[in-house]
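Colleague: I should like a close look at one helix, α11, together with the aromatic pairs and the pocket lining to which it contributes. Please treat the matter in one connected account.

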Amino acid sequence: MKPFLASFISLGIAAASCGLAHAQYPSKPITFVIPFAAGGDSDLSGRNVAQHAQKYLNSQPIVAVNRVGASGTIAAAAVRAAPADGYTLLVARIATHAIMPALDSKLSYKWNDFTMLSLIELNPFICFVKGDSPWKNAAELIASTRAYPGKLNYSTSGVGTSQNMSVQYLMTLAGLTRDHAVGIHYKGGGEVTTAVLGGQVHFACNNAPTVIPQVKAGALRGMFVMPARLAEIPDVPSAREAGFPDMEKIVGWTALMGPPGLPREVVDRWVDTFARLAKDPDWQQGNARIGGIAAIRSPAETEKFVREQYELYDKLVGALGIRQ
């Protein structure tokens, strides 16, 4: 056989094999590792994708597994070490890929030690007080915090969480120190909201779903919302309108990632799947029900977004002197 003909045949076989691999993936169930407990934002978002993506992935089941602990880093580390075959994927969150990599210098992975597949959705954030609170807006709350350092407190779900870091960022933007308000730690986001409702703390910032119904009922008063006004609570100003435009960067989010070195055909299959999900009314409705803002993006765009989020918290952690 002539050399050029042999090379041509080899290239054809390689191309065909690549196409076959693309068509075959997935050929068995896929596992979504969710780093937080059932019922939380990452759990609901991951399961919504799992439910509706299956029909675009050879009808293979997607099994959601909750692996909680250490602010999500146990799950992230497990996926980081998993085989790079596309069958073990991480439902990543702001804690796993922005806050904890910035906060913990001994973490076993870096934020970019993963194959980015897509951002999934954003979760609006709200800073709020009790409905009968004496503070009518954010400026009044900040003024009291400045006037009475250490006297006001807020609820969080732990040091390395968005509920805690959002308040710390607000204090920084207002020219206050981390000690001007005292953080009271609770077990989860639901308790963060309940603590304000019960008058156990003065204020908090939290993901929107647990807050919106209480604001609508008048039990809570929204100081401002990130990144923009919400149709459900149109009277609550945006962070920019409240005088804190940089707080727009504080937003919850979910992304899908895999171990480093996922094959190109696996990445391409997920890119195609997310493009289909973006037009899928069932996925869109499910996302809206859990309070998410659809934010599907390319792998490159996802990596850029996650990098910016990591850099935000890396800078904040450094300024506060709380790096571990």
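Modeller: The account below takes the ring pairs of the helix first and the pocket afterwards.

The model is a predicted one. A search of the whole structure yields 8 aromatic pairs. In one of them, the ring centres of Trp111 and Tyr310 are 6.1 Å apart and the planes meet at 20°, so this pair is stacked. Tyr310 belongs to helix α11 (residues 299-320), whereas Trp111 is in the loop between α4 (94-103) and β4 (115-123), so the contact ties together parts 199 residues apart in sequence. Both Trp111 and Tyr310 are buried.

A further pair involving the helix is edge-to-face, because the rings of Trp253 and Phe305 have planes at 85°, with their centres 5.6 Å apart. Here Phe305 is the residue from α11 and Trp253 comes from strand β10 (residues 252-258), so parts 52 residues apart in sequence are tied together. Trp253 and Phe305 are likewise buried.

Phe305 also leads to the pocket, for the lining of the second largest pocket includes Phe305, along with Tyr169, Asp246, Lys249 and Glu308, among others. This pocket has a volume of about 260 Å³. The elements that give two or more residues to its lining are α6 and α11, and the largest share, 7 residues, is that of α11. By class, the lining comprises 6 nonpolar, 2 polar and 4 charged residues. Helix α11 thus supplies Tyr310 to the stacked pair, Phe305 to the edge-to-face pair, and 7 residues to the lining of the second largest pocket.

Methods:
Residues numbered from 1 in each chain as written. Predicted model: local features only at pLDDT ≥ 70, side-chain atom pairs only at ≥ 80, totals over all residues. Heavy atoms only, no water. Phe/Tyr/Trp six-rings, centres within 6.5 Å; stacked < 30°, edge-to-face > 60°. Helix = DSSP H or I, 4+ residues; strand = E, 2+ residues; numbered from the N terminus. Buried < 20%, exposed > 50% of the residue type's maximum accessible area, 1.4 Å probe, protein only. 1 Å grid on protein atoms, 1.4 Å probe; cavity = no way out; pocket = protein on both sides within 12 Å on 5 of 7 lines; lining within 4 Å. Points joined across faces, edges and corners; volume = space filled by probe spheres on them. Nonpolar A, V, L, I, M, F, W, Y, C, P; charged D, E, K, R; others polar.
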